Amino acid sequence: MSASAQAPTTAAPDSAEPFSDRLRRATWDDHRAAEDHGFAKALMDGTLPLAGYTAMVAQHYFAYVALEETGRLLAEDPVAGRFHRPELERVPALVRDLEHLLGPDWRARISPTPATRTYAARIAQMADHPAGFVAHHYTRYMGDVSGGQFIRRAAARAYGLTDEAGVAFYVFDGLGGLPGFRAGYRERLDSLDLDDGAAARMVAETRLAYQLNTEVFADLGRIHAPGAA
Ligand code: HEM
(Lines give C-alpha, C1' and ligand atoms only; values in the text may rest on other atoms or scores of the structure.)
Protein backbone atom coordinates (compact mmCIF):
# COMPACT_ATOMS: atom_id res chain seq x y z
CA MET A 1 0.00 0.00 0.00
CA SER A 2 1.38 3.39 -0.97
CA ALA A 3 1.92 6.04 1.65
CA SER A 4 1.03 8.74 -0.81
CA ALA A 5 -2.42 10.13 -0.11
CA GLN A 6 -4.88 9.85 -3.00
CA ALA A 7 -6.33 13.13 -4.24
CA PRO A 8 -9.99 13.44 -3.30
CA THR A 9 -12.45 14.40 -5.99
CA THR A 10 -12.03 17.93 -7.31
CA ALA A 11 -15.75 18.24 -8.07
CA ALA A 12 -17.30 21.64 -7.34
CA PRO A 13 -18.72 22.31 -3.86
CA ASP A 14 -22.12 20.79 -3.35
CA SER A 15 -24.46 21.94 -0.60
CA ALA A 16 -25.30 18.29 0.21
CA GLU A 17 -21.62 17.47 0.66
CA PRO A 18 -20.85 16.42 4.25
CA PHE A 19 -18.63 18.98 5.98
CA SER A 20 -15.93 16.37 6.62
CA ASP A 21 -15.68 15.76 2.85
CA ARG A 22 -15.65 19.47 2.12
CA LEU A 23 -12.92 20.10 4.70
CA ARG A 24 -10.74 17.35 3.28
CA ARG A 25 -11.29 18.42 -0.33
CA ALA A 26 -10.78 22.15 0.34
CA THR A 27 -7.51 21.58 2.17
CA TRP A 28 -6.02 18.77 0.09
CA ASP A 29 -3.65 21.01 -1.86
CA ASP A 30 -2.23 22.14 1.48
CA HIS A 31 -1.88 18.53 2.58
CA ARG A 32 -0.06 17.81 -0.62
CA ALA A 33 2.34 20.72 0.00
CA ALA A 34 3.14 19.33 3.47
CA GLU A 35 3.49 15.75 2.26
CA ASP A 36 5.67 16.78 -0.69
CA HIS A 37 8.08 18.89 1.35
CA GLY A 38 11.64 17.63 1.01
CA PHE A 39 11.91 17.01 4.75
CA ALA A 40 8.78 14.82 4.73
CA LYS A 41 9.97 12.97 1.64
CA ALA A 42 13.35 12.26 3.21
CA LEU A 43 11.55 11.00 6.31
CA MET A 44 9.33 8.69 4.27
CA ASP A 45 12.09 7.31 2.04
CA GLY A 46 14.42 6.59 4.95
CA THR A 47 17.17 9.04 3.94
CA LEU A 48 16.62 11.53 6.77
CA PRO A 49 19.35 11.20 9.42
CA LEU A 50 18.18 10.14 12.88
CA ALA A 51 19.07 13.64 14.14
CA GLY A 52 16.44 15.04 11.75
CA TYR A 53 13.77 12.65 13.01
CA THR A 54 14.70 13.51 16.60
CA ALA A 55 14.44 17.23 15.84
CA MET A 56 10.95 16.68 14.42
CA VAL A 57 9.87 14.80 17.56
CA ALA A 58 11.18 17.71 19.64
CA GLN A 59 9.14 20.20 17.59
CA HIS A 60 6.07 17.99 18.00
CA TYR A 61 6.56 18.22 21.75
CA PHE A 62 6.12 22.01 21.77
CA ALA A 63 3.15 21.92 19.38
CA TYR A 64 1.35 19.17 21.34
CA VAL A 65 1.90 20.86 24.69
CA ALA A 66 0.02 23.84 23.21
CA LEU A 67 -2.60 21.61 21.56
CA GLU A 68 -3.30 19.55 24.66
CA GLU A 69 -3.24 22.44 27.14
CA THR A 70 -5.70 24.34 24.95
CA GLY A 71 -7.77 21.19 24.46
CA ARG A 72 -8.12 20.76 28.22
CA LEU A 73 -9.25 24.39 28.57
CA LEU A 74 -11.96 23.68 26.00
CA ALA A 75 -12.94 20.22 27.25
CA GLU A 76 -16.42 21.38 28.27
CA ASP A 77 -16.96 23.63 25.27
CA PRO A 78 -20.03 22.55 23.24
CA VAL A 79 -18.07 22.60 19.96
CA ALA A 80 -14.46 21.75 20.78
CA GLY A 81 -15.42 19.48 23.69
CA ARG A 82 -16.95 16.98 21.23
CA PHE A 83 -13.44 16.16 20.06
CA HIS A 84 -11.82 15.94 23.48
CA ARG A 85 -10.52 12.42 24.14
CA PRO A 86 -7.86 11.96 26.86
CA GLU A 87 -6.70 8.78 25.02
CA LEU A 88 -5.56 10.99 22.13
CA GLU A 89 -3.04 12.90 24.26
CA ARG A 90 0.43 12.61 22.77
CA VAL A 91 2.64 14.47 25.23
CA PRO A 92 3.29 11.40 27.45
CA ALA A 93 4.34 9.38 24.37
CA LEU A 94 6.50 12.26 23.10
CA VAL A 95 8.28 12.37 26.45
CA ARG A 96 8.98 8.62 26.20
CA ASP A 97 10.30 9.04 22.66
CA LEU A 98 12.50 12.00 23.61
CA GLU A 99 13.91 10.21 26.65
CA HIS A 100 14.87 7.36 24.36
CA LEU A 101 16.24 9.57 21.57
CA LEU A 102 18.04 12.21 23.66
CA GLY A 103 18.43 10.78 27.17
CA PRO A 104 17.19 11.89 30.58
CA ASP A 105 18.22 15.51 30.02
CA TRP A 106 16.08 15.72 26.85
CA ARG A 107 14.17 18.79 28.04
CA ALA A 108 17.34 20.87 28.39
CA ARG A 109 18.45 19.83 24.92
CA ILE A 110 15.46 20.98 22.88
CA SER A 111 13.98 24.33 21.94
CA PRO A 112 11.25 25.39 19.50
CA THR A 113 12.22 26.70 16.07
CA PRO A 114 10.76 30.08 15.03
CA ALA A 115 8.03 28.35 12.97
CA THR A 116 7.13 26.13 15.93
CA ARG A 117 6.82 29.19 18.19
CA THR A 118 4.44 30.78 15.69
CA TYR A 119 2.46 27.54 15.38
CA ALA A 120 2.16 26.97 19.15
CA ALA A 121 1.13 30.61 19.67
CA ARG A 122 -1.61 30.25 17.05
CA ILE A 123 -2.92 27.10 18.71
CA ALA A 124 -2.99 28.85 22.11
CA GLN A 125 -4.97 31.75 20.60
CA MET A 126 -7.68 29.26 19.64
CA ALA A 127 -8.70 29.00 23.32
CA ASP A 128 -11.03 31.89 22.39
CA HIS A 129 -12.11 30.32 19.07
CA PRO A 130 -13.33 26.77 19.68
CA ALA A 131 -14.11 25.98 16.02
CA GLY A 132 -10.66 27.23 15.09
CA PHE A 133 -9.22 24.94 17.73
CA VAL A 134 -11.05 22.03 16.09
CA ALA A 135 -9.28 22.92 12.81
CA HIS A 136 -5.90 22.46 14.53
CA HIS A 137 -7.07 19.34 16.35
CA TYR A 138 -8.25 17.80 13.06
CA THR A 139 -5.06 18.68 11.19
CA ARG A 140 -2.80 17.00 13.71
CA TYR A 141 -4.71 14.07 15.18
CA MET A 142 -6.45 12.96 11.99
CA GLY A 143 -3.06 13.18 10.29
CA ASP A 144 -1.41 11.13 13.03
CA VAL A 145 -3.99 8.34 12.75
CA SER A 146 -3.85 8.43 8.92
CA GLY A 147 -0.54 9.22 7.18
CA GLY A 148 1.20 9.17 10.56
CA GLN A 149 0.88 5.40 10.56
CA PHE A 150 3.12 5.30 7.47
CA ILE A 151 5.63 7.55 9.18
CA ARG A 152 5.60 5.18 12.16
CA ARG A 153 6.58 2.26 9.93
CA ALA A 154 9.17 4.24 7.93
CA ALA A 155 10.86 5.55 11.09
CA ALA A 156 10.80 2.19 12.87
CA ARG A 157 12.48 0.62 9.83
CA ALA A 158 15.02 3.39 9.17
CA TYR A 159 16.18 3.91 12.76
CA GLY A 160 15.37 0.60 14.46
CA LEU A 161 12.87 2.28 16.81
CA THR A 162 10.05 0.52 18.62
CA ASP A 163 6.48 1.30 19.60
CA GLU A 164 7.60 1.44 23.23
CA ALA A 165 10.30 4.04 22.66
CA GLY A 166 11.07 6.05 19.56
CA VAL A 167 7.77 5.92 17.65
CA ALA A 168 5.38 5.79 20.64
CA PHE A 169 3.91 9.06 19.38
CA TYR A 170 2.18 7.16 16.55
CA VAL A 171 0.74 4.40 18.75
CA PHE A 172 -2.92 4.95 19.65
CA ASP A 173 -3.81 1.91 21.69
CA GLY A 174 -6.62 3.61 23.58
CA LEU A 175 -8.83 4.39 20.60
CA GLY A 176 -10.15 0.92 19.86
CA GLY A 177 -9.24 0.73 16.16
CA LEU A 178 -8.19 3.58 13.89
CA PRO A 179 -10.72 3.12 11.02
CA GLY A 180 -13.60 3.36 13.51
CA PHE A 181 -12.01 6.36 15.20
CA ARG A 182 -11.60 8.13 11.84
CA ALA A 183 -15.24 7.43 10.89
CA GLY A 184 -16.46 8.72 14.26
CA TYR A 185 -14.32 11.83 13.90
CA ARG A 186 -15.87 12.58 10.51
CA GLU A 187 -19.35 12.13 12.01
CA ARG A 188 -18.49 14.65 14.70
CA LEU A 189 -17.25 17.11 12.06
CA ASP A 190 -20.52 16.60 10.16
CA SER A 191 -22.54 17.18 13.35
CA LEU A 192 -21.07 20.66 13.87
CA ASP A 193 -23.87 22.20 11.80
CA LEU A 194 -21.81 25.26 10.84
CA ASP A 195 -23.30 28.12 8.85
CA ASP A 196 -21.51 29.17 5.65
CA GLY A 197 -19.32 31.75 7.37
CA ALA A 198 -18.27 29.44 10.20
CA ALA A 199 -17.57 26.60 7.76
CA ALA A 200 -15.41 28.88 5.60
CA ARG A 201 -13.50 30.09 8.67
CA MET A 202 -12.81 26.53 9.73
CA VAL A 203 -11.54 25.61 6.28
CA ALA A 204 -9.28 28.71 6.35
CA GLU A 205 -7.91 27.82 9.81
CA THR A 206 -7.20 24.26 8.66
CA ARG A 207 -5.33 25.58 5.63
CA LEU A 208 -3.31 27.79 7.97
CA ALA A 209 -2.61 24.78 10.23
CA TYR A 210 -1.19 22.87 7.26
CA GLN A 211 0.91 25.86 6.24
CA LEU A 212 2.28 26.27 9.76
CA ASN A 213 3.23 22.60 9.79
CA THR A 214 4.96 22.98 6.43
CA GLU A 215 6.92 25.94 7.81
CA VAL A 216 8.11 23.75 10.67
CA PHE A 217 9.30 21.22 8.06
CA ALA A 218 11.09 24.08 6.29
CA ASP A 219 12.92 25.07 9.50
CA LEU A 220 13.92 21.44 10.08
CA GLY A 221 14.82 20.82 6.45
CA ARG A 222 17.26 23.73 6.34
CA ILE A 223 19.30 21.99 9.03
CA HIS A 224 18.66 18.29 8.53
CA ALA A 225 17.71 17.73 4.87
CA PRO A 226 19.27 20.64 2.96
CA GLY A 227 19.54 18.67 -0.28
CA ALA A 228 15.87 17.66 -0.20
CA ALA A 229 14.17 21.06 0.22
C1 HEM B 1 5.01 12.57 5.68
C2 HEM B 1 4.15 12.93 4.84
C3 HEM B 1 2.69 12.53 4.83
C4 HEM B 1 2.14 11.45 4.26
C5 HEM B 1 2.86 10.33 3.51
C6 HEM B 1 0.72 11.51 4.50
C7 HEM B 1 -0.19 10.58 4.05
C8 HEM B 1 -1.55 10.59 4.32
C9 HEM B 1 -2.47 9.56 3.93
C10 HEM B 1 -2.11 8.29 3.14
C11 HEM B 1 -3.68 9.91 4.37
C12 HEM B 1 -4.97 9.13 4.19
C13 HEM B 1 -5.70 9.66 2.97
C14 HEM B 1 -7.01 8.95 2.77
O15 HEM B 1 -7.81 8.84 3.71
O16 HEM B 1 -7.25 8.56 1.64
C17 HEM B 1 -3.55 11.17 5.07
C18 HEM B 1 -4.56 11.84 5.68
C19 HEM B 1 -4.39 12.97 6.42
N20 HEM B 1 -3.21 13.65 6.64
FE21 HEM B 1 -1.41 13.18 5.90
N22 HEM B 1 0.43 12.63 5.21
C23 HEM B 1 1.61 13.28 5.45
C24 HEM B 1 1.78 14.45 6.12
C25 HEM B 1 0.78 15.11 6.79
C26 HEM B 1 0.96 16.31 7.57
C27 HEM B 1 2.29 17.03 7.78
C28 HEM B 1 -0.26 16.64 8.07
C29 HEM B 1 -0.64 17.79 8.95
C30 HEM B 1 0.10 18.32 9.85
C31 HEM B 1 -1.21 15.65 7.60
C32 HEM B 1 -2.56 15.64 7.90
C33 HEM B 1 -3.47 14.73 7.43
C34 HEM B 1 -4.89 14.76 7.74
C35 HEM B 1 -5.61 15.79 8.59
C36 HEM B 1 -5.45 13.66 7.11
C37 HEM B 1 -6.92 13.25 7.15
C38 HEM B 1 -7.69 13.85 5.98
C39 HEM B 1 -9.14 13.45 6.05
O40 HEM B 1 -9.43 12.30 5.81
O41 HEM B 1 -9.97 14.33 6.35
N42 HEM B 1 -0.54 14.75 6.83
N43 HEM B 1 -2.22 11.56 5.02
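Visitor: Is the crossing of H7 and H9 left-handed or right-handed?
Guide: H7 passes H9 in a left-handed crossing. Keep in mind that this is a predicted model.

Visitor: What makes H7 roughly antiparallel to H9?
Guide: Look at the angle. H7 and helix H9 (residues 178-190) pack at about 165°. Angles over 145 degrees count as roughly antiparallel. Therefore H7 is roughly antiparallel to H9. Their axes are 12 Å apart.

Visitor: Which residues make that contact?
Guide: From H7 come Val-134, His-137, Tyr-138 and Met-142. From H9 come Phe-181, Arg-182, Tyr-185, Arg-186 and Leu-189. These divide into six nonpolar, one polar and two charged.

Visitor: Why is H7 called oblique to H10?
Guide: The axes of H7 and helix H10 (residues 196-224) cross at roughly 45°. Under 35 degrees would be roughly parallel, and 65 to 115 roughly perpendicular. The value of roughly 45° fits neither range, so H7 is oblique to H10. The axes come within 8 Å, and this crossing is right-handed.

Visitor: What residues meet there?
Guide: On H7, they include Ala-131, Gly-132, Val-134 and Ala-135. On H10, Met-202, Glu-205, Thr-206 and Ala-209 are among them. The residues of the contact of H7 with H10 divide into eight nonpolar, five polar and two charged.

Visitor: How do you know that H4 is oblique to H7?
Guide: Helix H4 (residues 50-73) and helix H7 (residues 130-144) pack at about 130°. Roughly perpendicular ends at 115 degrees, and roughly antiparallel needs over 145. The angle of about 130° falls between those limits, so H4 is oblique to H7. Their axes are 11 Å apart. The crossing of H4 and H7 is left-handed.

Visitor: Which residues of H4 and H7 meet?
Guide: H4 brings His-60, Tyr-64, Leu-67, Glu-68, Thr-70 and Gly-71. H7 brings Phe-133, His-136, His-137, Arg-140, Tyr-141 and Asp-144. Sorted by kind, they are four nonpolar, five polar and three charged.

Visitor: What makes Arg-32 and Glu-35 a salt bridge?
Guide: Distance decides. Their side chains meet at 3.6 Å, N to O. The cut-off is within 4 Å. So the pair counts as a salt bridge. Side chains of opposite charge can pair when their charged atoms come close.

Visitor: Why are Arg-32 and Glu-35 separated by about one helical turn?
Guide: Because they are three residues apart in helix H2.

Visitor: How many salt bridges does the whole structure have?
Guide: A search finds 11.

Visitor: How do you know that His-31 is a donor to the iron atom?
Guide: Its NE2 atom is 2.1 Å from the iron atom of the ligand. A donor must lie within 2.8 Å, so His-31 qualifies. His-31 is the single donor from the protein.

Visitor: Where does His-31 lie?
Guide: In helix H2, residues 28-35.

Definitions and conventions:
Residues are numbered from 1 along each chain as its sequence is written. This is a predicted model: local features need pLDDT of at least 70, side-chain atom pairs count only at pLDDT 80 or more; totals for chains, interfaces and linings use all residues. Side-chain values use heavy atoms; hydrogens and water are left out. Donors are N, O and S atoms within 2.8 Å of the metal (3.2 Å for Na, K and Ca); water is not among the atoms, so sites may look incomplete. Helices (H or I, at least four residues) and strands (E, at least two) are DSSP runs, numbered from the N terminus. Axes are lines fitted to C-alpha atoms, for helices over the stretch in contact, and angles run from 0 to 180 degrees between N-to-C directions. A crossing is left-handed if the near helix is turned anticlockwise from the far one by less than a right angle, and right-handed if clockwise. Contact means heavy atoms within 4.5 Å. Ala, Val, Leu, Ile, Met, Phe, Trp, Tyr, Cys and Pro count as nonpolar, Asp, Glu, Lys and Arg as charged, and the others, Gly among them, as polar.
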